[in-house]
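Visitor: Please guide me through the fold, beginning with the sheet and then turning to the helices and the packing.

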Amino acid sequence: MAKKFYVVWRGVKTGVFHDWPTTLALVDGFPGAQYKSFPTLAEAESAFRSGPPARSPIATAASKPRVVRTDHADAVSAFDTVIFCDGACEPNPGKAGSGMAVYRAGELAELWYGAYNPAGTNNTAELNALLQALMLARTEIQADKTVQVRSDSSYGLNAVTKWAAGWKKRGWRKADGEIKNLEVIQELYALYQEIEDDVKLQHVSAHVGIEGNELADRMAMLAVERREVQWREYDGELDIDKLLKMRAG
């Protein structure tokens with residue numbers, strides 16, 4: 001892959017950076033982040049001095065943002081396999097489903113949907129999506145792939161990476177009582193402990209136009225619409241523009 005240089009106009013730190021992982025850490029999840037890649041250092045430095053491009057009037061607080069594809073290829077090329085996972089519930093609590101969008105070698109490769117629950121919640125849907133993503137991540141790791149799992153669920157990610165260890169020490173109880181969704185959290189934590197040295201978990205902002213997150217959301221709603229309990233691979237055309245027009249959660 002050709003060398004690229006990255007300008008961050010708005011992020012944790014601004015400037016010109018020489019690699020995508022560094023840039024990603026500065027902009028991922030940062031409100032209103034503005035960044036772009038350039039083929040040469042001279043172009044990047046010039047662009048940084050010139051200031052950020054004007055924002056599209058479409059992406060305002062009063063309207064749903066368009067899918068942002070700036071550097072999306074870089075984001076999903078930093079690892080051999082990138083798995084976006086998401087859950088949806090309508091209403092909450094109510095009919096819930098989960099979805100995944102899988103990128104390999106920087107390209108959308110597969111979409112999955114399932115885990116329908118007629119009496120679920122948004123949290124259960126997110127946890128089921130994360131569990132399935134970690135199962136797939138384990139398979140990819142066993143095939144010697146580098147893997148990242150990206151989720152917009154702070155609850156799910158925190159439960160696995162921060163809270164579960166303490167809960168387990170206390171006999172799987174919180175200081176103030178029982179743990180909701182305990183069974184799936186226990187399964188998630190056991191799986192995460194097995195692969196944590198080889199998988200990168202990353203939080204992404206929800207409904208801000210991140211392509212993989214939006215596609216996983218569409219699959220979660222498809223699971224609800226089709227009442228699909230088992231995980232199934234989406235067998236339609238992987239036309240991103242058409243997929244994004246599907247029902248959103």
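Guide: Two strands pair if DSSP finds at least two bridges between them. Strands (E, at least two residues) and helices (H or I, at least four) are DSSP runs, numbered from the N terminus. This is a predicted model, in which local features need pLDDT of at least 70 and side-chain atom pairs count only at pLDDT 80 or more, while totals for chains, interfaces and linings use all residues. Residues are numbered from 1 along each chain as its sequence is written, and side-chain values use heavy atoms, with hydrogens and water left out.

Visitor: What is the order of the strands in the open sheet?

Guide: The sheet has six strands with mixed pairing. Strand 8 and strand 9 (232–233) are its edges, each pairing on one side only. The order is 8-7-4-5-6-9.

Visitor: Which residue in strand 5 stands opposite valine 82?

Guide: Strand 4 and strand 5 run antiparallel and are joined by 10 bridges. Opposite valine 82, in strand 5, stands tyrosine 103.

Visitor: At what angle does helix 4 run to strand 4?

Guide: Axes are lines fitted to C-alpha atoms, for helices over the stretch in contact (heavy atoms within 4.5 Å), and angles run from 0 to 180 degrees between N-to-C directions. Helix 4 lies across strands 4, 5, 6, 7 and 8. Its angle to strand 4 is about 160°.

Visitor: Which element gives the largest share of the largest nonpolar core?

Guide: A nonpolar core is a set of buried (under 20% relative accessible area, 1.4 Å probe, protein chains only) Ala, Val, Leu, Ile, Met, Phe, Trp, Tyr and Cys residues joined through side-chain atoms within 4.5 Å. This core has 33 residues, and Leu130 and Leu134 are among those that touch the most other members. Elements giving two or more residues include strand 4, helix 5 and helix 6. The largest share, nine residues, comes from helix 4.

Visitor: How far apart are the end C-alpha atoms of helix 5?

Guide: The expected span is 1.5 Å times one less than the number of residues. Helix 5 has 16 residues and should therefore span 22 Å; this agrees with the separation of its end C-alpha atoms, 22 Å.

Visitor: Where is the kink in helix 5 centred?

Guide: The bend at a residue is the angle between axes fitted to the seven residues ending there and the seven starting there. In helix 5 the kink is about 60°, and its centre is tryptophan 163.

Terms used:
Buried < 20%, exposed > 50% of the residue type's maximum accessible area, 1.4 Å probe, protein only.
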